[in-house]
Amino acid sequence: MAFNRIDVETRKRREFYEHFVKEVRCSYSTTVHLDRTNLKGYRLYPAMIWLLT
């Protein structure tokens, strides 16, 4: 996948770009189901780090 630089100064939709970059707090999140039944007896934090990686 190649990325192309966008010239913001000549972009037709410059106003939309500036709105989302300067005014809107964008964030991303995800929800995942993890099966932790085989981790019985392990400490929670190290086990969760292992599952998430």
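Let me begin with the nonpolar surface patch, which is made by Val32, Leu34 and Leu52 and covers about 290 Å². Please bear in mind throughout that this is a predicted model. Of the three residues in the patch, I will follow Leu52, which lies in helix α2, the helix that spans residues 44-52. Is Leu52 buried or exposed? Its relative accessible area is 61%, so Leu52 is exposed.

Staying with helix α2, I turn to Ile49, which is also placed there. Ile49 has a relative accessibility of 37% and therefore counts as partly exposed. How far is Ile49 from Thr31 in space? The two residues are separated by 18 positions in sequence, and their C-alpha atoms lie 15 Å apart.

Just beyond the helix we reach Thr53, in the segment after α2. Thr53 counts as exposed, because its relative accessibility is 79%. A second distance can be given here, this time to a member of the patch: Thr53 and Leu34 are 19 residues apart in sequence and 12 Å apart in space, again from C-alpha to C-alpha.

I now move to the charged side chains. How many salt bridges does the structure hold? There are two. One of them pairs Arg14 with Glu9, and the closest N and O atoms of this pair are 3.3 Å apart. In the other, the side chains of Arg14 and Glu18 meet at 2.8 Å, N to O. Glu18 and Arg14 both belong to helix α1, residues 14-22, where they are four residues apart, or about one turn of the helix. Through their shared partner, the salt bridges join Glu9, Arg14 and Glu18 into one network.

How accessible are the members of this network? Glu9, at 57% relative accessibility, counts as exposed, since the cut-off for that class is over 50%. Arg14 has a relative accessible area of 28%, so Arg14 is partly exposed. Glu18 is likewise partly exposed, because its relative accessible area is 25%.

Let me close with the chain as a whole. The chain has two helices and zero strands. Why can the chain be called more spread out than a compact globule? The radius of gyration is 21 Å, whereas the globule rule gives 10 Å for 53 residues; the value for the chain is well over that, so the chain is more spread out than a compact globule. Along the principal axes, the C-alpha atoms fill a box of roughly 60 × 30 × 15 Å.

As for burial, 6% of the 53 residues in the chain are buried. The accessible surface of the chain amounts to about 6,300 Å², and carbon and sulfur atoms account for 54% of that area. Finally, on charge, the chain carries 10 positive and 6 negative charges, and the mean positions of these two sets are 11 Å apart.

Conventions:
Residues are numbered from 1 along each chain as its sequence is written. This is a predicted model: local features need pLDDT of at least 70, side-chain atom pairs count only at pLDDT 80 or more; totals for chains, interfaces and linings use all residues. Side-chain values use heavy atoms; hydrogens and water are left out. Patches are made of residues with over 30% relative accessible area and no salt bridge: like charges are joined within 9 Å, nonpolar side chains (Val, Leu, Ile, Met, Phe, Trp, Tyr) within 5 Å. Accessible areas come from the Shrake-Rupley method with a 1.4 Å probe; for residues, only the protein chains shown count as cover. A salt bridge is a side-chain nitrogen of Lys or Arg within 4 Å of a carboxyl oxygen of Asp or Glu. Buried means under 20% relative accessible area, exposed over 50%, partly exposed in between (1.4 Å probe, protein chains only). The radius of gyration is taken over C-alpha atoms; the globule rule is 2.2 Å times the number of residues to the power 0.38. Lys and Arg count as positive and Asp and Glu as negative; His and the chain ends are not counted. The place of a charge is taken as NZ of Lys, CZ of Arg, CG of Asp or CD of Glu.
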